[in-house]
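User: Please take a close look at one part of this model for me, a single sheet and the loops that can be described alongside it. I would like one connected account that I can follow with the structure open.

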Amino acid sequence: MLKHLQLLLTLFVLAIGGQVKAEEATATITFGTATGSTKVDGPSVTGDDSQGNTWTITTEGTTSFTQNSGYAHIGSGNNPATSIVFSVELKGSLNIKSFSAKFGGFKGTKGNISLKVGETEVGTGTLNTNKDVTISSTSPATGNRLTVTVTNIAKGVKAYNITYSYETTTISITPNKYGTVCLPNGGTVSGAKLYSIEGKQTTDGSVKSISLTEVQKAVAGVPYIFLGQENQLKLVHEGESVTSAQSANGLVGSFENMSVTEGMYVVYNNKVVKAGTGVTITANHAYINMADVPETPASSGARMLYFDTTTGINLMESARQADQVFDLQGRKTNLNRQGLFIVNGKKVVLK
């Protein structure tokens, strides 16, 4: 049976890295008295959108503010506002995919509406006396501030909501587990702590550990080691993307699936492990070329990642610990007996 198992193991590749998914996050702020909405009941108010970003609503020229269940009514026929500005400072220069604002129409209302991402105007429109209007952006834009401005107002303005979406990347991870990540976009990360390699520490000529320094934001194309805090690592994209992965202090990133040369190192089961045969990192992850890691004492407060000095990692380790082995009832299992198995989506017979 062992002979058959060894033959079967040649079919396996250890794919180190969680599933990476590009997504769009959407945020909305609503106005009025409904639960979770922001009351616009004075010349300067603030309120949070559904992603926790705080908006400021500044009104000039009126003392008339009326709140309804689905909207805030700002100004009146005898006391119109001269301008209304809705603005939010974002947590970075985000790639805004869409941006819109909805206002209500009623007899006699007038006004010009402008949407801006940073200093770039991305949409314009006018209030309508007969129907509600939604003013939307006409193209994506990048910026750290969103603004909706209403000017040249006649009578009042019904403000319903503002919605915007931005680019994110999520990776399936495990809390308290180390991993690697290398993405074509930079930005703010949540759900995990990011680290760069500071250096390696040796004893009697053998590498025993690497020290890590925490970083606050990811740089596009630069590889990192992370420590999971939640079930997902989420990156909010900031700035432009890059087309080539980089290396940093021996940590080698890749945007594609990559076979790791025997003798290189990977982060596996919270250890640094030497790669044997058949080890692959999946796209947007990294391996370690220990020869390029500088030898240096660990700095005060550095996080340490230790070596597994007992074994390397190869195809046999991959097969024994693969997460993609199932029985015919769809239950996760392992290759420790004869039978028919589903391995990485394919039927395999172990005799």
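Analyst: What follows goes through the sheet, then one residue within it, and then three loop positions. The model is a predicted one, and the description should be read with that in mind.

The sheet is an open one built from five strands, which follow one another in the order β13-β18-β15-β16-β27 with antiparallel pairing. Its edges are formed by β13, covering residues 178–181, and by β27, and each of these two strands pairs on one side only. On average, neighbouring strands in this sheet are turned by 45 degrees against each other, when direction is ignored. At the β13 edge, the partner is β18 (residues 224–228), which runs antiparallel to β13 and is joined to it by four bridges; within this pairing, Tyr-178 has Leu-227 of β18 as its bridge partner.

Further along the sheet, strand β16 spans residues 206–215 and contains Ser-209. Is Ser-209 buried or exposed? Its relative accessible area is 5%, and because buried means under 20%, Ser-209 counts as buried. The side chain of Ser-209 makes a polar contact of 2.8 Å with the side chain of Gln-201. Leaving aside residues up to four places away in sequence, Ser-209 touches Gly-199, Lys-200 and Gln-201, and also Met-304, Leu-305, Tyr-306 and Phe-307. Strand β27 comprises residues 303–306, and β16 stands next to β27 in the strand order.

The loop between β26 and β27 holds Gly-301, which is exposed, with a relative accessible area of 76%. Although Gly-301 and Glu-214 are 87 residues apart in sequence, their C-alpha atoms are 9.8 Å apart in space.

Two asparagines in other loops can be set beside this glycine. Asn-284 belongs to the loop that links β25 (279–281) with β26 (285–288), and its phi is near 75 degrees, a positive value in a residue that is not glycine. With a relative accessible area of 13%, Asn-284 is buried. Asn-249, in turn, sits in the loop between β20 (247–248) and β21 (251–254), and its phi, near 50 degrees, is likewise positive in a residue other than glycine. The relative accessible area of Asn-249 is 38%, so this residue is described as partly exposed.

How values were computed:
Residues are numbered from 1 along each chain as its sequence is written. This is a predicted model: local features need pLDDT of at least 70, side-chain atom pairs count only at pLDDT 80 or more; totals for chains, interfaces and linings use all residues. Side-chain values use heavy atoms; hydrogens and water are left out. Buried means under 20% relative accessible area, exposed over 50%, partly exposed in between (1.4 Å probe, protein chains only). A polar contact is a pair of N or O atoms within 3.5 Å; within protein, one must be able to donate a hydrogen and the other to accept it, and residues adjacent in sequence count only if both atoms are side-chain atoms. Contact means heavy atoms within 4.5 Å. Two strands pair if DSSP finds at least two bridges between them. Axes are lines fitted to C-alpha atoms, for helices over the stretch in contact, and angles run from 0 to 180 degrees between N-to-C directions.
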